Structure formats: structure tokens, C-alpha cells
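Hi everyone, thanks for coming. I'd like to walk you through one structure today, so have a look at the screen and we'll go through a few spots together.

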Amino acid sequence: MKISTDQISALNKKQEDSYNSELDFLRNKFAKRGIEVDEIIHKVADFQVAIPSWALGAGGTRFGRFSFGGEPASLEQKLDDIGVLHALTKTAGAVSLHIPWDIPSDVKAIKEVAKSHGISFDAMNSNTFQDQPNAKETYKFGSLSNTNAASRDYAIQHNKDVINIGKELGSKSLTVWLADGANFPGQNNFQTALNHTENSLKSIYKTMPEDWKMFIEYKPYEPNFYSTVIQDWGTSFMLSNACGERAYTLVDLGHHLPNTNIEQIVATLMLKGKLGGFHFNDSKYGDDDVTVGSIKPYALFLIFNELVYGMKNNPQNPDLSWMIDASHNTKDPLEDLLQSLEAILIAYTQALLVDQKALKNAQQENDVVKCQEILQDAYRTDVRPVLKAAREKSGAAVDPLQAYRQFGVRKDLIKERGTKTMATGL
């Protein structure tokens, strides 16, 4: 299904007066501090977050999965769903594909579907954590780090194949996440596994087009619980340096031990020019992959504060690739993604409202109390009127979630696709 601009415009007209007075209040408040809210509205309107192809169906755990009906059963239908998200928000203008879950059978046709929705192709994601049907080698004991050279070569070739598919689609980057590791002490030689991984990544990197980037993810545990080969940002940073200047670390919010200072990691990587991408989700205990901002909204704001500072002050770091990486089990996946997009934009906007000049002065004077007050003043500001203005400016729905429900999107998807469809990769 498609949502027309006329539908959105008609719905928006009913809400114009509800946020304009609040927006005027914010303009006046922050103008006194030299912060132009209209400039922030423009930045928010331009902000784009990629939607992963695997997030459009009901996820689940090893214990069970509960469908919502109307799930996209093909790549074309996934793009249609992202088209709905983008029409409602004008923020979801890219898709990140996972191969081999979403190999296009007709590249030209897929590009046309994406173009019809205003969607581009973001980073390509390889899969060496699952053995596919009729696979010649196994990843049971690792892929790029495997002790078996044939398995390593098989995984390397898969990543090269993913790059070739991405080239046809117009993507410009490859994300590598490895499940490689060990569940028991003595199972692996740490140095050998790391050397194999580095050499494998270098082999993949050499085949990338000159205008491509490689993003190297890290994760402290799962599915291997004793050791993971790329277990932290330092290992990813080291490997990206070993590969070359177009290889970068990718930060996933869920890929950290509890209470890790992620904002410090972000700041360090941007200072060194090695933060390439960012995966948004939220967690209470580990890699929970729940709705962005649902558990730790203040932590998300603090991270964005460093991201905003880095984007302005670290020209050595490339433009960042933003993506949501979440799994949905009890929520409508599209509603969950709408909530995540809202949380991301809220945190971004709040960070843009931080009085950086005042904060720097307070830091220089070691006024710890003042530093906290400056940050929390921005965080406690209700910036939803700014988001609404940005959406109206770009032709999106002022309240995307309300519009989604009012337009009966899920009901129409179920009517169109049925209740038994299941998204690929899940």
C-alpha cells in the first residue's frame, strides 16, 4: 500500500495549531542563548535513518515467535513497508539489506520499487553466522577466524559476493559482524583467531570499490559466551586500522556490557576519525534489541551530545551511516520502528539544543554543577514541536504513529497479504 501526500496533508491541517504556540516558546527561549530553533528544524528535517530489511517482520527469541499478520514475504514487500515509514516520517529514506536473506531476483525491478518510494540502498550486511542450504563449508566453528582455511575462504567469498550485489544496487558500504568465538576455555587460540580474522578482513577490503567503506562491528558475547573474536571497540578499531583508511568501527548500542560508557567510545572514535556507522536500539541487560529510547533515553541523549559535537568538530571523521537494528516480538514491527525513529530524532534535537559554548566555559572552570544543569536543561526540553515542524516542512505526517493507526495500515496489510506470511530471515 501507499500513503498519498494528500492524505498526510489533510491530517496535518487538523493539528497545525496544536504545536505552533509551543514552537514559538522554544524559539524565544533558545534565541536568547544564540541557538536558532529554525536551523535545528532544518537539520532534523534532513536527518535520515536506514531501516534494516530484517526488522519489518515479527522477530522473536529461541523460545518463540508471534506473528502480526501482513508481514512482508518478499523484498519488494519489505520496500513497500519502508515506503510507508518514509511517507509518514520522511526520515526512513534508506534500506540496509541482509544477504542472503534478501538477494534480489531482479536488481533492475528492485531498484525501481525502491526509487518509487524515494529509498536508497544503505550498507550491505553479510551473513557468516548461519550455514545456508547446500553450503559447501560450515561456520559452526567460525567464519573469518575459522581454523579451517576452506571455511575462511568460503566466508571471504561470501562477503565479496555481497559487495558485488551492493554495487549493482548502488550501495557504498559493507557491514561485517562476526559470531566467531568460543564457548569454552581452550577451544580457540586467541592470537590465531585474531590473526585469521585480520587477514580475512584485509582480503575482503582489497576487493571493495574505491568509493566504498567497510564497517566492522563488535560484540562482547552471544552466540559464543566465553570469548568473541571482535569483542570490543578497541579490537574493531585495531582491525579497521589494519585494513585501511576506508575501514571503520560500527557502534551498536546493544553490543556492550551493562553500564558501558558508550558516549566516551563514540567521542574517542570520532576524534580518531574511525567512527563509520551507528546501530540504534535499546537494552536493559544485554543485546536486547528493543525499541530505541524505551529503556535508557538519557543515555541516548548523552551519546547524541557527543555525536553532535563530533560532527561539528571532527572533520577527520566521515559522514555517519545511521541504522535501526532492533527485533520485534510483542509490538507491531512498523509501530516499533516509528517509535524508534521518534526517539532518535528527539535525542538528536535535544543534543542540538545543548549550549555548547556555555558548556565549554563551565568545563574550563570545572563547574561540575553547571555542566550537569546545561545538559539536563536540554534533555528536559520537550522538543516534539520541533519534530512536528520538521515533518511538516518535509511533507511528512506531523504525528506519524497516529497517522499509521488512523490510516489502518496494519489492517490493510493483513487484508492484502494474509495472516500467515513471514518475513525472510526470521
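Let's find Pro-100 in this predicted model. Pro-100 sits in the loop between strand E2, residues 94–96, and helix H5, residues 107–116. What kind of peptide bond joins Ile-99 and Pro-100? A cis one, with omega at about 20°.

Now jump along the chain to Glu-222 and Pro-223. The peptide bond between these two is cis as well, and here omega is near 10°. Pro-223 also has a loop for a home, the one between strand E7 (213–216) and strand E8 (227–228). One more backbone spot, and that's Lys-90, in the loop between helix H4 (75–89) and E2. Its phi is near 55°, a positive value in a residue other than glycine. If you're wondering why I picked these spots, it's because most residues other than glycine have a negative phi, and most peptide bonds are trans.

Keep Lys-90 in mind, please, as we go looking for holes. How many cavities of 30 Å³ or more does the structure hold? One. The largest cavity has a volume of about 30 Å³, and Lys-90 is part of its lining, together with Val-44, Ala-45, Thr-89, Thr-91, Leu-345, Ala-390, Arg-391 and Ser-394. Two elements give two or more residues each to that lining: H3 and helix H14, residues 384–394. H14 has the largest share, with three residues. By class, the lining of this cavity splits into four nonpolar, three polar and two charged residues.

Next up, the pockets. The largest pocket has about 1400 Å³ of space in it. Which residues are closest to its centre? Out of 45 lining residues, those are Gly-60, Glu-222, Asp-287, Asp-289 and Ser-327. And yes, you've met Glu-222 already, at the cis bond to Pro-223. Sorted by class, the lining of the largest pocket has 13 nonpolar, 20 polar and 12 charged residues.

The second largest pocket comes in at about 1100 Å³. It has 39 lining residues, and closest to its centre are Val-308, Tyr-309, Lys-312, Leu-352 and Gln-356. Plenty of helices chip in here: H3 (37–46), H9 (262–271), H10, H11, H12 (356–364) and H13 (368–379) each supply at least two lining residues. Which helix gives the largest share? That's H10, with nine residues. The class count for this lining is 18 nonpolar, nine polar and 12 charged.

So let's finish with H10 and its partner. H10 covers residues 297–313 and H11 covers 333–352, and the two pack at an angle of about 60° with their axes 8 Å apart. That angle makes H10 oblique to H11. The crossing of H10 past H11 is right-handed. Who touches whom? On the H10 side you'll find Leu-300, Phe-301, Phe-304, Asn-305, Val-308 and Met-311, and on the H11 side Ala-343, Ile-344, Ala-347, Tyr-348, Gln-350, Ala-351 and Leu-352. By class, that contact has 11 nonpolar, two polar and no charged residues. Notice two names coming back: Val-308 and Leu-352 take part in this helix contact, and they're also among the residues closest to the centre of the second largest pocket.

That's my tour, thanks for listening!

Conventions
Residues are numbered from 1 along each chain as its sequence is written. This is a predicted model: local features need pLDDT of at least 70, side-chain atom pairs count only at pLDDT 80 or more; totals for chains, interfaces and linings use all residues. Side-chain values use heavy atoms; hydrogens and water are left out. Axes are lines fitted to C-alpha atoms, for helices over the stretch in contact, and angles run from 0 to 180 degrees between N-to-C directions. Helices (H or I, at least four residues) and strands (E, at least two) are DSSP runs, numbered from the N terminus. Angles under 35 degrees count as roughly parallel, over 145 as roughly antiparallel, 65 to 115 as roughly perpendicular and the rest as oblique. A crossing is left-handed if the near helix is turned anticlockwise from the far one by less than a right angle, and right-handed if clockwise. Contact means heavy atoms within 4.5 Å. Ala, Val, Leu, Ile, Met, Phe, Trp, Tyr, Cys and Pro count as nonpolar, Asp, Glu, Lys and Arg as charged, and the others, Gly among them, as polar. On a 1 Å grid over the protein atoms alone, a cavity is a set of points where a 1.4 Å probe fits but cannot get out, and a pocket is an open set with protein on both sides within 12 Å along at least five of seven lines; lining residues have an atom within 4 Å of a point. Grid points are joined across faces, edges and corners, and a volume is the space filled by probe spheres set on the points.
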